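Welcome! Please take a moment with the sequence and the 3D view before trying the exercises.

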Amino acid sequence: MNYPNLTQKSFTSSNAGKILKHYIATNKEIPQWAQVKIFEFPNARELLLKHAKQGHNICRNAQLKIFELADAKDIILQYTEQGYDLYPKAELKIFEFENQDDFLLEYIKKGGEFYENTELQILKQPYA
């Protein structure tokens with residue numbers, strides 16, 4: 001099948017999921033605007049992680065939307081294993097997790113590094 005270029009209109013087509021999978025399978029970087037639209041699909045997690053595994057960063061807005069997913073912790077840890085860190089605003093959302101102390105330790109074990117504001121927030125926690 002010959003896939004068209006990725007455009008806003010691509011997401012209104014009945015083949016939108018196939019088009020995204022094609023872009024990821026051919027190691028094409030998904031534009032930032034499209035990364036945010038990925039969350040409209042039931043396999044958003046799979047698409048974002050595959051995109052990251054191919055060496056593409058997940059944009060800031062998509063990183064923030066990850067926190068809306070039920071398996072946000074798992075996605076973030078897998079993203080970190082690929083050598084990426086969250087951007088500062090997304091990092092601070094970690095403090096909304098239950099058992100954030102366990103998650104912070106796991107994030108560090110996977111290679112995550114923190115920005116200064118996040119480090120200051122960690123120091124304010126009762127377990128610091």
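Below are three exercises, each with a worked solution.

This is a predicted model, in which local features need pLDDT of at least 70, side-chain atom pairs count only at pLDDT 80 or more, and totals for chains, interfaces and linings use all residues. Residues are numbered from 1 along each chain as its sequence is written, and side-chain values use heavy atoms, with hydrogens and water left out.

**Exercise 1.** Find how many helices and strands the protein chain has.

Solution. Begin with the rule: helices (H or I, at least four residues) and strands (E, at least two) are DSSP runs, numbered from the N terminus. Counting them gives 8 helices and 0 strands. Read from the N terminus, the order is α-α-α-α-α-α-α-α. Next, look at the extent: along the principal axes, the C-alpha atoms fill a box of roughly 55 × 20 × 20 Å.

**Exercise 2.** Decide whether Ile-24 is buried or exposed.

Solution. First locate Ile-24: this residue sits in helix H1, which covers residues 16–25. Then apply the cut-offs: buried means under 20% relative accessible area, exposed over 50%, and partly exposed in between (1.4 Å probe, protein chains only). Ile-24 counts as buried because its relative accessibility is 1%. For the whole protein chain, buried residues make up 41% of the 128 residues.

**Exercise 3.** List the residues that Ile-24 contacts, leaving aside neighbours within four places in sequence.

Solution. Contact means heavy atoms within 4.5 Å. With those neighbours set aside, Ile-24 touches Ile-30, Leu-47, Lys-50, His-51 and Gln-54. Now turn to Leu-92, 68 residues from Ile-24 along the chain: their C-alpha atoms are separated by 29 Å.
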